[in-house]
Amino acid sequence: LPPAETEALVRALRGTELRDIGGQGWLQQHEYIEKLNMHGILSASAGQEQLLTELLVTHTKVPVLIGELISVEIWKRKVFPVLCRLEDFKPRSTFPIYVVLHHEASIINLLETVFFYKEICESAGDSILDLIDYCHRKLTLLAARSTKAQAVTSAELRAEGLASPSSMQADAVPPQELQKQAETMEFEISLKALSVLRFITDQVESLPPSALTRILNTHNLPCLLVELVEHCPWSCWEAGKLKKFENGTWHVVPPEDQVKMTKLDGQVWLTLLNLLLSPECQRKYRFDGFNKSQLLKLRAFLTDVLIDQLPNLVEMQRFLSYLAVTEPAPPKKDLILEQIPIIRDHILKKNSGKWETIAKHQVKHAFSPTEEELKLQARRWAQTYSLDMMEALAPDKPRCRVCGVEATKRCSRCRNEWYCTRACQVQHWQKHKPACNLMA
């Protein structure tokens, strides 16, 4: 994006009411965030994301993004299940609902891109407490994933991904399928939250005291991170093969690479390093019997192979050896007025008991568009996801929509679907036709 357009988009960011989610004004805000998200990813890959960072800080928009993130999270938890149970919920198209489900992923992805910078963390102000609570909720869901839930195949993720106009359904699908796809997306959102938390802990020295208290004692995030190291929800065994989740899909890991640390493994270890080796954190954390026993579990994972890949873990190994033979002093009790997060509580209190009313309002005014409104939305979405932008963002070469092999042919009408042969395109046409008609 040109600098002037980037600034205009940042200045236009506004908070929205829960009741207005899915409406025209909200869709406009989603479009702005989506463009900034894609711009941020491309700029970061080129090492040029400073402008976006400066604009978000200058115009104090980081708290706005955090507020929108929590608002759509509450919508998915409180309104979406009610909406799916309504008898009159029979949408002509699930296109508008997919946009809302995708909104949370767009915001957390944008925050992951920019929170690398200290200025962004400081610009969040008091809303950093709400973001810490948000990350804790997501990591708790991640740690609670059962072995069965871990085995989400790459084919399922591709089928249920919501990252492009071609994946938006032009025809309605059952509410149960909508909820299943929302749960699939929740996994990737939780992984992004892990990265955001790591960037927050990079700035431990500049975080307000209340933020450290919530990280260390209110939520006991060090012990939660130990759970993630133990159970590693982004890794699973399937049919005798080790699979790991990277870059949005599950990959079979060859035997020679099974001991290699993934980016997600690294995020957990770096977060633990930030929290356990910081003098300020050591002073505040309660090293009681339970916490100490949990942290000492990490010693079993600190192998020579792991330390070779992340040499900083030598300091962690020394700290744990010291912890095993000593009784750390109890945390120093400071007399402070502790801040508490307010964004989520404010939204919940404001809308308490109104979830069904909100769902009915949105079914009538947001999720039942006319044919013309649907076509207009589809065109705007296709413009937001320009083909050049999507190809630049894609980590791999395009795959055939039918058989999944590498594709070289594209639908000449809407130019959003890829195929390996004419036969696959003909086979998929009946399914693709409604979406093609909307975007062509």
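Contacts between residues 24 or more positions apart make up 77% of the contacts in this chain that have a separation of 6 or more. The model is a predicted one, and the description below moves from the chain as a whole to a three-stranded sheet, then to one helix, and finally to two single residues.

## The chain as a whole

The chain holds 22 helices and five strands. Of its 440 residues, 52% are buried, while the area that the chain exposes comes to about 20900 Å², of which carbon and sulfur atoms supply 53%.

## A sheet of three strands

Three of the strands form an open sheet in the order S1-S2-S3, with antiparallel pairing. S1 and S3 are the edge strands, since each of them pairs on one side only, and from one strand to the next the twist averages 35°.

Strand S1 covers residues 235–238 and strand S2 covers residues 241–246, and the two are joined in the antiparallel sense by four bridges. Within this pair, Cys236 of the sheet has Lys243 in S2 as its bridge partner, and Trp237 stands opposite Leu242, which also belongs to S2. On the other side, S2 pairs with strand S3, residues 249–252, again in the antiparallel sense and over four bridges. Lys243 takes part here as well, for its bridge partner in S3 is Val252. Lys243 can therefore be followed across the sheet, with Cys236 as one partner and Val252 as another. In a regular strand, side chains alternate between the two faces of the sheet.

## The two turns

Which residue takes a positive phi in the hairpin of S1 and S2? It is Ala239, in a hairpin that has two residues between its strands. The hairpin of S2 and S3 likewise has two residues between its strands, and there the residue with a positive phi is Asn247, at about 55°. Most residues other than glycine have a negative phi. Ala239 has a positive value although it is a residue other than glycine, and the same description holds for Asn247.

The table sets the two turn residues side by side.

| Residue | Place | Phi | Relative accessible area |
|---|---|---|---|
| Ala239 | loop between S1 and S2 | near 55° | 78% |
| Asn247 | loop between S2 and S3 | near 55° | 65% |

Is Ala239 buried or exposed? Ala239 counts as exposed because its relative accessible area of 78% is over the 50% cut-off. Asn247, with a relative accessible area of 65%, counts as exposed because this value too is over 50%.

## Helix H13

Further along the chain, helix H13 takes in residues 263–276, which makes 14 residues. From its first C-alpha to its last, H13 reaches 20 Å, close to the 20 Å expected at 1.5 Å a residue. The helix is mostly covered, with eleven of its 14 residues buried. Among these buried residues are Leu264, Val268, Trp269, Leu272, Leu273, Leu275 and Leu276, and the list also includes Asp265, Gln267 and Thr271.

## Two buried residues in other helices

Gln29 lies in helix H2, which spans residues 24–45. Gln29 counts as buried because its relative accessibility of 8% is under the 20% cut-off. The side chain of Gln29 reaches the backbone nitrogen of Arg14 at 2.7 Å. Leaving aside residues up to four places away in sequence, Gln29 touches Ala12, Leu13, Arg14 and Thr16, so that Arg14 appears both in this set of contacts and as the residue whose backbone nitrogen the Gln29 side chain reaches.

Ile347 is part of helix H18, residues 343–351. Its relative accessible area is 12%, and Ile347 is classed as buried because that value is under 20%. Where sequence is concerned, Ile347 and Leu18 are 329 residues apart, yet in space the distance between them, C-alpha to C-alpha, is 7.8 Å. The residues that Ile347 touches, not counting those up to four places away in sequence, are Gly67, Ile70, Ser71 and Ile74.

How values were computed:
Residues are numbered from 1 along each chain as its sequence is written. This is a predicted model: local features need pLDDT of at least 70, side-chain atom pairs count only at pLDDT 80 or more; totals for chains, interfaces and linings use all residues. Side-chain values use heavy atoms; hydrogens and water are left out. Two strands pair if DSSP finds at least two bridges between them. Buried means under 20% relative accessible area, exposed over 50%, partly exposed in between (1.4 Å probe, protein chains only). The expected span of a helix is 1.5 Å times one less than its number of residues. Contact means heavy atoms within 4.5 Å. Accessible areas come from the Shrake-Rupley method with a 1.4 Å probe; for residues, only the protein chains shown count as cover. A polar contact is a pair of N or O atoms within 3.5 Å; within protein, one must be able to donate a hydrogen and the other to accept it, and residues adjacent in sequence count only if both atoms are side-chain atoms. Axes are lines fitted to C-alpha atoms, for helices over the stretch in contact, and angles run from 0 to 180 degrees between N-to-C directions.
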